[in-house]
Amino acid sequence: MGFEETIRKIFFRKPKNELEGGADGNKPVVPEKVSVRCEKCRSVLLTGELDANLKVCPKCGYHFKMGARDRLLALADDGEFVEMFSDVTTPSDADFPGYDKKLEKAREESGESEGVVTGVLKMSGTYVAAFAMDYRFMMGSMGYAVGERITRLFEYATLHRYPVIGFVLSGGARMQEGITSLMQMAKTSAAVGRHGSAGLLYIPVLTNPTTGGVSASFAFLGDIIVSEPDALIGFAGPRVIEQTTRQKLPAGFQRAEFLQQKGYVDIIVKRTDMKMRLSELVALHAGGNN
């Protein structure tokens with residue numbers, strides 16, 4: 001069934017008596033969102049088509065944002081992922097005005113209890129500790145719970161000698177938690193350091209956007225820095241830098257391709273190739289003995 005035929009089938013206006021329902025009084029159910037417009041090429045795409053392509057536009061390759069759990073399941077063999085540390089949540093004693101309501105809203109919108117999902121999966125036959133940050137939860141901002149979950153994951157991976165793969169997405173440290181959020185930069189970095197000292201592999205995958213305190217800590221401490229295409233990566237955003245320096249920034253500044261040219265990103269991998277490339281890197285580090 002073609003795109004135009006699908007749209008006609010869904011939106012064709014029925015006679016008024018049919019819209020009011022049948023004998024049982026039930027009204028016809030119309031899907032809330034059957035299509036979406038690509039932000040880059042402006043093509044109209046069916047959501048089912050987009051989801052099947054890992055939320056990558058089949059017309060131009062634009063990478064839409066993707067939920068944390070979906071990212072991890074896309075890596076896992078047979079879609080099997082064992083979640084860990086989900087009991088670690090933000091303490092209820094935070095006194096920032098309105099913070100509790102923001103957390104409640106974020107949980108409703110994302111379906112997650114915090115801004116990162118952590119656990120273990122088997123990727124191409126190899127056990128991997130993995131985490132993914134979720135844009136729907138306060139833009140993946142890092143507070144106590146996010147930092148603690150990532151730290152515990154690295155400690156678990158060090159104990160069991162697992163490589164770590166992390167999908168990084170964040171607007172930075174969570175200002176509502178003040179100094180507590182900033183402390184997570186040091187805590188996560190120390191855990192990454194202990195994991196690396198044990199001779200274990202860590203591959204961060206930088207996604208759009210990777211900014212703030214996250215970019216100044218565990219995001220850039222990996223052995224191989226991977227990025228999705230056209231991801232915004234940096235500490236402060238380009239608009240802030242331009243306003244501060246009063247200078248025009250180069251084209252593509254802080255995008256993945258620009259950072260790769262400058263040596264900050266090792267490889268750029270399309271999402272549809274991500275599992276294959278990450279599996280190759282893990283196998284090479286293990287000497288091919290999985």
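**Chat about a mixed sheet**

Me: How many bridges join β6 to strand β7?
Reply: Six, and the two strands run parallel, with β7 covering residues 202–210. Strands here are DSSP runs of E with at least two residues, helices are runs of H or I with at least four, and both are numbered from the N terminus. Two strands pair if DSSP finds at least two bridges between them.

Me: Before I go on, what kind of model is this?
Reply: It's a predicted model: local features need pLDDT of at least 70 and side-chain atom pairs count only at pLDDT 80 or more, while totals for chains, interfaces and linings use all residues. Residues are numbered from 1 along each chain as its sequence is written, and side-chain values use heavy atoms, leaving out hydrogens and water.

Me: Ok, back to the strands. Which residue is the bridge partner of Ser170 in β7?
Reply: Thr210.

Me: And what order do the strands of the sheet come in?
Reply: β3-β4-β5-β6-β7-β8-β9, so to speak from one side to the other of an open sheet with mixed pairing. Its edge strands are β3 (81–84) and β9 (267–268), each pairing on one side only.

Me: Which strands does helix α4 touch?
Reply: Helix α4 (residues 68–75) packs on the sheet and touches β3, β4 (116–123), β5, β6 and β7. Touching goes by contact, meaning heavy atoms within 4.5 Å. The direction of α4 makes about 10° with that of β4. Axes are lines fitted to C-alpha atoms, for helices over the stretch in contact, and angles run from 0 to 180 degrees between N-to-C directions.

Me: What about α6?
Reply: α6 packs on the sheet too, touching β3, β4, β5, β6 and β7, at about 25° to the direction of β4.

Me: New topic: how many aromatic pairs are there?
Reply: Seven. Rings of Phe, Tyr and Trp (its six-membered ring) pair if their centres lie within 6.5 Å; planes under 30 degrees apart are stacked, over 60 edge-to-face, and the rest tilted. Tyr127 and Tyr162 have ring centres 6.0 Å apart and planes at 25°, so that pair is stacked.

Me: Is Tyr162 buried or exposed?
Reply: Buried, at 18% relative accessible area, whereas Tyr127 is partly exposed at 44%. Buried means under 20%, exposed over 50%, and partly exposed in between (1.4 Å probe, protein chains only).

Me: Which residues form the aromatic cluster?
Reply: Phe131, Phe154, Tyr202 and Phe218. Phe131 is buried at 0%, and Phe154 is buried at 0% as well.
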